[in-house]
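Dear colleague,

I am handing over the structure we spoke about, together with some notes on its pocket and its salt bridges. Please read the notes with the model open beside you.

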Amino acid sequence: MSFFGFGQSVEVEIVLNDAESRKRAEHKTEDGKKEKYFLFYDGETVSGKVSLALKHPNKRLEHQGIKIEFIGQIELYYDRGNHHEFVSLVKDLARPGEITQSQAFDFEFTHVEKPYESYTGQNVKLRYFLRATISRRLNDVVKEMDIVVHTLSTYPELNSSIKMEVGIEDCLHIEFEYNKSKYHLKDVIVGKIYFLLVRIKIKHMEIDIIKRETTGTGPNVYHENDTIAKYEIMDGAPVRGESIPIRLFLAGYELTPTMRDINKKFSVRYYLNLVLIDEEERRYFKQQEVVLWRKGDIVRKSMSHQAAIASQRFEGTTSLGEVRTPSQLSDNNCRQ
């Protein structure tokens with residue numbers, strides 16, 4: 001960034017020490033485009049150089065101090081004037097004085113805490129960035145460089161299957177089952193749907209992955225639902241006793257880990273939405289929350305006992321248990 005003022009102007013650049021070897025990750029910007037940024041994890045050191053290049057070698061640059069900051073902040077789009085910082089580290093690089101030639105300043109932020117994942121949503125943005133500042137009497141010279149942070153998890157110790165029976169009394173009873181309740185971002189959702197009673201003419205059935213972003217608190221709460229994926233299960237009328245398998249690969253979709261009450265500012269949750277449409281275009285649906293997590297490079301060689309049992313069960317045929325009283329699938333009434 002150049003500063004054009006009276007006399008000298010300067011170009012500021014931030015360069016990481018491991019820029020050539022550090023992995024980059026794609027991240028969606030506020031305008032919906034994807035760009036690549038340097039990828040960091042919680043606890044990693046952030047170090048590099050701030051380079052100052054003077055445009056006019058024969059002129060000096062007076063300043064009131066030079067510093068670099070590492071900042072993690074949350075910005076709510078409806079409250080853009082306020083930036084909520086949850087990480088703020090500062091290193092002074094130079095005391096007030098003057099610069100007569102181009103030079104570079106080393107910096108290092110050791111084992112930086114980065115508690116949350118970078119996120120750009122419909123109403124909120126969580127970002128990490130380095131900001132170099134040359135303080136001037138008239139206008140500061142500022143250069144920022146964004147980075148991306150991923151939060152990693154290990155296999156959950158408890159990961160029970162989801163089994164629910166839903167329907168409309170005397171019209172439709174279905175039982176759906178998913179092999180797990182927690183999935184990593186490259187996982188496969190495996191399940192089955194059983195039709196116990198069918199007295200309405202179903203013509204279409206699908207599973208949607210819905211992302212629900214919640215921002216704000218109290219009376220200023222905003223909910224945004226975004227359908228990430230639609231997976232067609234069936235096109236045609238099912239019959240009683242029919243079983244339909246589900247296998248939905250998550251790797252092809254833009255997903256983030258589940259984020260709950262991040263710094264008391266926002267949450268991101270995911271739901272599997274089972275949708276049935278009858279011949280009269282009435283829609284019946286049932287939502288079930290699932291937890292998404294990002295798997296680290298080092299994973300356990302053996303799955304937890306419950307996860308192993310769930311996988312074995314879905315490889316074969318599972319017998320139905322006793323039929324319980326179903327909950328309503330929607331407020332629609334069926335016609336005989």
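Strand β2 gives the most to the lining of the largest pocket, with four residues. In this predicted model, that strand covers residues 24-28, and β3 (34-40), β10 (119-120), β12 (141-149) and β18 (222-235) are likewise strands that each supply at least two residues of the lining. The lining is made up of 33 residues, and those that lie nearest the centre of the pocket are Glu26, His150, Leu185, Leu255 and Arg294. The space in this pocket comes to about 910 Å³.

If you sort the lining of the largest pocket by residue class, you will find 13 nonpolar, eight polar and twelve charged residues. Both domains take part, since domain 1 (9-147) and domain 2 (160-291) each contribute at least three residues to the lining.

Turning to the salt bridges, the count for the model comes to 21. One of them joins Asp208 to Lys230, with the closest N and O atoms 3.7 Å apart. This pair links distant parts of the chain, as Asp208 belongs to strand β17 (residues 202-215) and Lys230 to strand β18, 22 residues apart. The two partners sit in contrasting surroundings: Asp208 counts as buried because its relative accessibility is 3%, under the 20% limit, whereas Lys230 has a relative accessible area of 52%, which is over 50% and therefore exposed. You may recall that β18 is also one of the strands that supply at least two residues to the pocket lining.

A second group of salt bridges is centred on Arg282. With Asp278, Arg282 forms a salt bridge in which the closest N and O atoms are 2.7 Å apart, and both of these residues are buried. With Glu280, Arg282 forms another salt bridge, and here the closest N and O atoms are 4.0 Å apart. Which of these two, Glu280 or Arg282, is buried, and which is partly exposed? Arg282 is the buried one, because its relative accessible area of 16% falls under 20%, while Glu280, at 44%, counts as partly exposed because that value lies between the 20% and 50% limits.

Finally, please look at Glu69, Arg127, Arg131, Glu144 and Asp146, which are linked to one another in a network of salt bridges.

With best wishes

Conventions
Residues numbered from 1 in each chain as written. Predicted model: local features only at pLDDT ≥ 70, side-chain atom pairs only at ≥ 80, totals over all residues. Heavy atoms only, no water. 1 Å grid on protein atoms, 1.4 Å probe; cavity = no way out; pocket = protein on both sides within 12 Å on 5 of 7 lines; lining within 4 Å. Points joined across faces, edges and corners; volume = space filled by probe spheres on them. Nonpolar A, V, L, I, M, F, W, Y, C, P; charged D, E, K, R; others polar. Domains from an automatic or database assignment. Salt bridge = Lys/Arg side-chain N within 4 Å of Asp/Glu carboxyl O. Buried < 20%, exposed > 50% of the residue type's maximum accessible area, 1.4 Å probe, protein only.
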